[in-house]
Amino acid sequence: MGFPRVNDYVAGKKDWGSYGLPHEGTNVPELLAGDVAHKDVPTCALADRLADVRERVRAAGWDACIVVNQYRVVLGRLGRKALAADSGESVEEAMTAGPSTVRPSIGTDALLERIRARNLTSILVTTPDGRLVGLVLRAQLE
Amino acid sequence: MTPRSIDRDEVRGLLAEDNGQLVEVLPAEEFSEEHIIGAINIPLKEVDERAPRELDRERPVIVYCNDYQ
């Protein structure tokens, strides 16, 4: 190329899109999971007390809480049932580990299809390295 | 000069702080289907001819295609 400062973004545009960074084009759906995901979904840590988490999540008007580590990497999910149970379990015992996730770059139409096929009521949006972007509710897409 | 391999965070840094020039080197059709916002398209086969005309030598250039493949 003969230019003094040439850099090669080797991971390319697929990597860029999968992290929810801005891209455009005729094949890019108008609305993406990353655009519609609720970024304010409550989170908690493995070491948090379940009773405290329950109170905080209810006060915020949610019935789900995402368990993350210090880098916001998703470890698990506390659903309605886990949060409703009045047991002495820890967050780690009560959570569902390894919940289904999608990338922010998936279009909302394709996302709804996937949610229906798996009979889910919501799905987590994460970056490829597992960091939480937000939660998409089935009801908001239907 | 061999291009320096950089990751996503470095791309963002070069764009934000160094006025980097993003260049997709895939064919025009693929560029039109999907590209990073702010990128221009110079297909690989046309780089030698077009780059000197269309790019600023004083600013960093970031080339990319689809992915590792």
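Two strands count as paired if DSSP finds at least two bridges between them. Keep that rule in mind for the last stops of this tour, which goes through a predicted model.

Start by selecting chain B. Its secondary structure consists of three helices and five strands. Followed along the sequence, these elements come in the order β-α-β-α-β-β-α-β.

Keep chain B selected and show only its C-alpha trace. Along the principal axes the trace spans about 30 × 25 × 20 Å. A compact globule of 69 residues would have a radius of gyration near 11 Å, so the 12 Å of chain B agrees with that. Next, colour chain B by burial: 29% of its 69 residues count as buried. If you draw the contacts in chain B between residues at least 6 apart in sequence, 48% of them join residues at least 24 apart.

Now add chain A and look at where the two chains touch. Here 23 residues of chain A are in contact with 28 residues of chain B. On the chain A side, select β1 (6–9), α1 (12–18) and β2 (23–24), the elements that give two or more residues to the side touching chain B. The largest share, five residues, comes from α1(A). Colour this side of chain A by class to find 11 nonpolar, six polar and six charged residues.

Which strand of chain B do bridges join to β1(A)? Select residues 61–64 of chain B, which form β5: four bridges join this strand to β1(A), and the two run parallel. To finish, select A:Asn7 and look across to β5(B), where B:Ile62 stands opposite.

Note on methods: Residues numbered from 1 in each chain as written. Chains lettered and ligands numbered in written order. Predicted model: local features only at pLDDT ≥ 70, side-chain atom pairs only at ≥ 80, totals over all residues. Rg over C-alpha atoms; globule rule 2.2 N^0.38 Å. Buried ≥ 20, exposed ≤ 12 C-beta atoms within 10 Å, placed from the backbone. Contact = placed C-beta atoms within 7 Å. Nonpolar A, V, L, I, M, F, W, Y, C, P; charged D, E, K, R; others polar.
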